[in-house]
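Hi,

Here is the structure I said I would pass on. Have a look at it first, and my notes follow underneath.

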Amino acid sequence: PGAEGFLTILRWATWLAFGVCVLGAVGTGAKMAMGSHHGRGQEHGASLAWVFAGCLVIGSASALVGALV
């Protein structure tokens, strides 16, 4: 009992976190387009990898909680 309110908050937090990940990917893409100096590809690639890692962690946590409830 009372878990529905918690799940609603969790769903909102998940969507908000995914929105932040999308903004991170867009921001990284903008940095890649604006700063196309020679030798900076690794820095942008690392930023994009961290954004995708965050998405993976959020998706995994969401799936794990969904399986437990």
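Let me start with a pair of rings in helix H1: tryptophan 15 and phenylalanine 18 both sit in that helix, three residues apart, which is about one turn. Before going further, please keep in mind that this is a predicted model.

Searching the whole structure turns up one aromatic pair. Tryptophan 15 and phenylalanine 18 make up that pair, in an edge-to-face arrangement with 6.4 Å from centre to centre and 65° between the planes. The angle is over 60 degrees, so the pair counts as edge-to-face rather than tilted. As for cover, tryptophan 15 is exposed, with a relative accessible area of 66%, while phenylalanine 18 is partly exposed at 27%.

Now the overall picture. The protein has two helices and zero strands. It has 69 residues, and 12% of them count as buried. Its accessible surface is about 5300 Å², and 76% of that belongs to carbon and sulfur atoms.

Back to H1, which covers residues 3-34. The helix has 32 residues and spans 46 Å from its first C-alpha to its last, close to the 46 Å expected at 1.5 Å a residue. Which residues are buried in H1? They are Leu7, Thr14, Cys21 and Thr28. I went through both of the threonines in that list.

Threonine 14 has a relative accessible area of 16%, which is under the 20% cut-off, so it counts as buried. Its side chain reaches the backbone oxygen of leucine 10 at 2.8 Å. If you set aside residues up to four places away in sequence, threonine 14 touches Ile58 and Ser62.

Threonine 28, also in helix H1, is buried with a relative accessible area of 4%. What does threonine 28 contact, leaving aside neighbours within four places in sequence? The list is His44, Ser47, Leu48 and Val51. For histidine 44 there is a backbone distance too: it lies 16 residues from threonine 28 in sequence, and the two C-alpha atoms are 6.8 Å apart in space. A polar atom of the threonine 28 side chain also lies 2.8 Å from the backbone oxygen of glycine 24.

That glycine deserves a line or two of its own. Glycine 24 is in helix H1 as well, and is partly exposed, with a relative accessible area of 23%. Glycine 24 and tryptophan 50 are 26 residues apart in sequence, with 9.3 Å between their C-alpha atoms.

Last, the charged side chains. How many salt bridges does the count come to? The answer is one. Arginine 11 forms it with glutamate 4, and the closest N and O atoms are 3.6 Å apart. That distance is within the 4 Å limit, so the pair qualifies. On accessibility, glutamate 4 counts as exposed at 52%, whereas arginine 11 counts as partly exposed at 46%, because exposed means over 50%.

If you open the model, I would begin with threonine 28 and its contacts to His44, Ser47, Leu48 and Val51, then go to threonine 14 with Ile58 and Ser62, and finish on the edge-to-face pair of tryptophan 15 and phenylalanine 18.

Cheers

Note on methods: Residues numbered from 1 in each chain as written. Predicted model: local features only at pLDDT ≥ 70, side-chain atom pairs only at ≥ 80, totals over all residues. Heavy atoms only, no water. Helix = DSSP H or I, 4+ residues; strand = E, 2+ residues; numbered from the N terminus. Buried < 20%, exposed > 50% of the residue type's maximum accessible area, 1.4 Å probe, protein only. Areas by Shrake-Rupley, 256 points an atom, 1.4 Å probe, with all protein chains shown as cover. Polar contact = N/O pair within 3.5 Å; in protein donor to acceptor, adjacent residues only side chain to side chain. Contact = heavy atoms within 4.5 Å. Phe/Tyr/Trp six-rings, centres within 6.5 Å; stacked < 30°, edge-to-face > 60°. Expected span 1.5 Å × (residues − 1).
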